[in-house]
Structure formats: C-alpha cells, structure tokens
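Let's take a walk through this model, one piece at a time. Have the sequence and the 3D view open as you read.

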Amino acid sequence: MQNSSQNKEIDFQFHVPDPIRDRCVPIRGQLMVNGGFEDPMLFFGWQIDSTNDGVNQADADEVHSGLKAARLGFADLAGNLEGNGVLFQDAAGICPNNHYELQFEMNGEIPRGNAPVDVRIIWLDEDKNFLGIGLQMTVTASSLPDDDIGVWTTFQGITSESPPGARFARVRFEIHTTNPTTQHVHLDDVSLARI
Ligand SMILES: [Ca+2]
C-alpha cells in the first residue's frame, strides 16, 4: 500500500504545471548551427544517420557560399560508394505556437539527373521525443540544375504551427540513389528562423 501511495503522489506531482519548467523563450534569428557547412568540422552541429551515411563534403567548386557544402548520396564515411544519405540537425530554441521558415540551396551533378530528396521538419519535445511533422517537401527527381554551370535552386517552406511541448525542430534531408555518381545532390546554406 505504501508503494502504491508513493507512486500516486509522484504521478500527481508530474502533472502539476510548473511555470519555470514550462516557460519557453523563442530564439530570434538564425536557429541552424553551421547551416553553411563552413565550420572547421564540416558537419559540426549536424548528425549523419549511421545506416544511411552516404554524406560527405562537396568539392570546392560545388559550394553555394564560402568554401564548403554537403554532398548527399555519394561516398559514405568509410569511403564506400553509398547511395543512401540522411543528414539532420535538431535546431534548438523552438517554442510552441510558432511558425518557422526553412530555406536551403541545392543543385545536382548533371543537368536534371538528381534523385528525389525528402525534406522534413519534425517537432521534438525537450527529451527529443517525436511530437509531429511540421513540414514535408520533396525535391523532385530530375529537377535540379547541375553544379558545372554554378546554378542553384533555392527552396523555401513554412512549417505548420509548432505544437504544445515543442522545443526542437529536426531539420532532415534524406536521399536514396541508384546511381550515386550522377544522382547525388549538393546542399548549402540551410536556414531556419521563426516568422
Ligand atoms: Ca557553404
């Protein structure tokens, strides 16, 4: 009986609103860390899915700005040709009841030869639990200009309203190529900001 009583008390306390714990101050301005991949550690702030790690550094002439960019769907971290790549970042500073704008630059290796890329924003709570999808868009297959002519496509999207408990936005890019040599894409200048 004593244990049961204690558990009940703990459960009750857990649900008591706590104005300090529940307080959320949204961050103004840029929410992405190293969105242009210019950090000395190329993927600082980012994470690469260990089972879809066909993500590496683009060549110097494959950048939108600065000296670096990411290449999705090419050689994996061990140097093996790898057609699957998942790159993501859990952006902090998210609060409930806000909309956010995502922007990024992308191009391909050959004219209109890219594999499709799934892009989404996933709402996470303070413990990184899934709360919902805030944005989903697809970079259509065979739609991108090629890097040889230095042209990029700018993508923009606005999320749905962030749900109660939202504290992070996972910005996630996923590609699956059957021919990584020609179908990979270059990604640079990823931006996320509250609107
Ligand atoms: Ca860059």
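Start with an open sheet of 5 strands, which run in the order β2-β3-β10-β5-β8 and pair in the antiparallel sense. At its edges stand β2 (55-57) and β8 (153-158); each has a single partner strand, so one side of each is left without a neighbour in the sheet. From one strand to the next, the twist averages 35°. Keep in mind that this is a predicted model.

Now look at the edge strand β8 and its partner. Strand β5 (residues 100-108) pairs with β8 over 6 bridges, in the antiparallel sense. If you'd like a spot to click on, try L102, whose bridge partner in β8 is G157.

There's another open sheet of 5 strands to find, with the order β1-β4-β9-β6-β7 and antiparallel pairing. Its edge strands are β1 (47-53) and β7, and each of them pairs on one side only. Here the twist averages 20° from one strand to the next. Over at the β1 edge, 3 bridges join β1 to β4, and the two run antiparallel. Within that pairing, Q47 stands opposite F88 in β4.

Here are the two sheets next to each other:

| Strand order | Edge strands | Average twist from one strand to the next |
|---|---|---|
| β2-β3-β10-β5-β8 | β2 and β8 | 35° |
| β1-β4-β9-β6-β7 | β1 and β7 | 20° |

What about the nonpolar residues? The largest nonpolar core has 38 residues, and L72, A169 and L187 are those with the most contacts inside it. Elements that give two or more residues to this core are β3 (70-72), β4 (84-92), β5, β6 (117-124), β7 (130-139), β9 (168-176) and β10 (185-194). Zoom in on A169: setting aside its neighbours within four places in sequence, A169 is in contact with A91, I94, Y100, I121, W123, G134 and L192.

One last stop is G54, which lies in the loop between β1 and β2. Is G54 buried or exposed? G54 counts as buried, because it has 26 C-beta neighbours inside 10 Å. Leaving out neighbours within four places in sequence, the residues in contact with G54 include G73, F74, A75 and D76, along with E82, G83, N84, G85 and P180. You can also check the spacing to L77: that residue is 23 residues apart from G54 along the chain, and their C-alpha atoms are separated by 6.9 Å.

Notes: Residues are numbered from 1 along each chain as its sequence is written. This is a predicted model: local features need pLDDT of at least 70, side-chain atom pairs count only at pLDDT 80 or more; totals for chains, interfaces and linings use all residues. Two strands pair if DSSP finds at least two bridges between them. Helices (H or I, at least four residues) and strands (E, at least two) are DSSP runs, numbered from the N terminus. Axes are lines fitted to C-alpha atoms, for helices over the stretch in contact, and angles run from 0 to 180 degrees between N-to-C directions. A nonpolar core is a set of buried Ala, Val, Leu, Ile, Met, Phe, Trp, Tyr and Cys residues joined through C-beta atoms within 7 Å. A residue is buried if 20 or more other C-beta atoms lie within 10 Å of its own, exposed if 12 or fewer, and partly exposed in between; C-beta atoms are placed from the backbone. Two residues are in contact if their C-beta atoms, placed from the backbone, lie within 7 Å.
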